[in-house]
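Got your viewer open and your selection tool ready? Let's take a walk, one stop at a time.

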Amino acid sequence: MLQLLQPGPKLNPGVAVEFAWCLHYIICSQVSNSLLIAHGALSTLGLLLLDLAEAVQRTDDAGLELLACPVLRCVSNLLTEAEVETVGGQMQLRDERVVAALFILLQFFFQKQPSLLPEGLWLLNNLTAKSPSFCTSLLSLDLIEPLLQLLPVSNVVSVMVLTILCNVAEKGPAYCQRLWPGPLLPALLQTLFLSDTEVVGQSLELLHLLFLYQPEAVQVFLQQSGLQALERHQEEAQLQDRVYALQQTALQG
């Protein structure tokens, strides 16, 4: 199956779709994922992602998402395996090229198939969750603003975007410094005017990390009426503890 999914002139898209879904179901069964990783599955799938990103730039063929979806799911699921680190799984993916390809696919989904955005964002979340190098790629390729532009798509997409940004911010002061200044804080303030508890909760978590690692963000937050935005949620049971903690941090800062 991995041989048949190798990108190149001999790749048959129809066959590749079928085998990609087969591979997805095998991975979901968790029977032999360590073996798949050891045999270079992440490398093969990563190269296929690069090939798909090139393809969507050459054509408007909406059928490409039929292959992109199972490939994204396969990589995402393999990255959650404990064996990934022990067998060098993440080393099979080339940081900047994979992140750049993923954003090309996200833009393609945004224009042609928005319902597939969560698939790409889930992979980006799994890439950045434990890997400072993938977070660095996200920053060095100036992809924070394109990521923020996806926030209005839906609440599900918003939560995933904010979670990815939290992955970056929690890597420490050097990463928060590169997130700042820019469009991040205005975008976070906008999300605080939403009513979805999960979206607001993830925004509060990102604000907490920013305040912790980039203290000058507190002053700008106050100047842009951040306390008033927080007040909208201080009576919500699921959020009030985090809202109170941020209010105290802001007032003491």
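Start by selecting Cys28: is Cys28 buried, exposed or partly exposed? Cys28 is partly exposed, with a relative accessible area of 42%. Bear in mind as you go that this is a predicted model.

**Stop 1: the cysteines**

Keep Cys28 on screen and add Cys74. How far from Cys28 is the nearest cysteine sulfur? The nearest cysteine sulfur belongs to Cys74 and is 7.7 Å away, and Cys28 is in no disulfide. Seen from the other end, the closest cysteine sulfur to that of Cys74 is the one in Cys28, and 7.7 Å is too far for a bond, because a disulfide needs the two sulfur atoms within 2.5 Å. A search of the whole structure finds 0 disulfides. Now turn on a surface and look for Cys74: with a relative accessible area of 0%, Cys74 is buried, whereas Cys28 is partly exposed.

**Stop 2: two loops with an unusual backbone**

Next, select Gln30. You'll find Gln30 in the loop between α1 (13-29) and α2 (33-38). What is the phi of Gln30? Phi is near 55 degrees for Gln30, a positive value in a residue other than glycine. Here is some background: most residues other than glycine have a negative phi. Gln30 counts as exposed, at 58% relative accessibility.

Jump along to Asp142, in the loop between α8 (132-140) and α9. Asp142 also has a phi near 55 degrees, again a positive value in a residue that isn't glycine. Its relative accessible area is 62%, so Asp142 is exposed.

**Stop 3: Phe109**

Select Phe109, which sits in helix α6 (residues 95-112). Buried or exposed? Phe109 is buried, with a relative accessible area of 1%. Show what surrounds the ring: leaving aside neighbours within four places in sequence, Phe109 is in contact with Glu65, Ala68, Leu72, Pro114, Leu116 and Leu117. For a sense of scale, draw a distance from the C-alpha of Phe109 to the C-alpha of Ala229: the two are 32 Å apart in space and 120 residues apart in sequence.

**Stop 4: a pair of asparagines**

Move on to helix α7 (residues 117-130) and pick out Asn126. Asn125 is found in α7 too. What joins the side chains of Asn126 and Asn125? A polar contact of 3.4 Å does. Asn126 has a further partner to look for: a polar atom of the Asn126 side chain lies 3.0 Å from the backbone oxygen of Ser76. Asn126 counts as buried, at 13% relative accessibility, and Asn125 is buried as well, with a relative accessible area of 17%. Setting aside neighbours within four places in sequence, Asn125 is in contact with Thr163, Ile164 and Asn167.

**Stop 5: α7 against α10**

Now show α7 and α10 together. At what angle do the axes of α7 and α10 cross? They cross at roughly 15 degrees and come within 9 Å. That makes α7 roughly parallel to α10. The crossing is left-handed. To see where the two helices meet, select Leu117, Pro118, Leu121, Trp122, Leu124, Asn125, Thr128 and Ala129 in α7, then Val156, Val157, Met160, Val161, Thr163, Ile164 and Asn167 in α10.

**Stop 6: α10 against α13**

Leave α10 (residues 155-169) on screen, hide α7 and bring in helix α13 (residues 197-213). The axes of α10 and α13 come within 9 Å and cross at roughly 20 degrees. That angle makes α10 roughly parallel to α13. Residues making the contact include Ser158, Leu162, Leu165 and Cys166 of α10, along with Val199, Gln202, Leu206 and Tyr213 of α13. Here too, the crossing is left-handed.

**Stop 7: a covered helix**

Finish with helix α12 (residues 184-191). How many of the 8 residues of α12 are buried? The count is 6, which leaves α12 mostly covered. Select Leu184, Leu185, Ala187, Leu188, Leu189 and Thr191 to see the buried ones. Then bring back the surroundings: what covers these buried residues includes α9 (144-148), α10, α11 (173-179), α13, α14 (216-223) and α15 (226-231).

Methods:
Residues are numbered from 1 along each chain as its sequence is written. This is a predicted model: local features need pLDDT of at least 70, side-chain atom pairs count only at pLDDT 80 or more; totals for chains, interfaces and linings use all residues. Side-chain values use heavy atoms; hydrogens and water are left out. Buried means under 20% relative accessible area, exposed over 50%, partly exposed in between (1.4 Å probe, protein chains only). Helices (H or I, at least four residues) and strands (E, at least two) are DSSP runs, numbered from the N terminus. A polar contact is a pair of N or O atoms within 3.5 Å; within protein, one must be able to donate a hydrogen and the other to accept it, and residues adjacent in sequence count only if both atoms are side-chain atoms. Axes are lines fitted to C-alpha atoms, for helices over the stretch in contact, and angles run from 0 to 180 degrees between N-to-C directions. Angles under 35 degrees count as roughly parallel, over 145 as roughly antiparallel, 65 to 115 as roughly perpendicular and the rest as oblique. A crossing is left-handed if the near helix is turned anticlockwise from the far one by less than a right angle, and right-handed if clockwise. Contact means heavy atoms within 4.5 Å.
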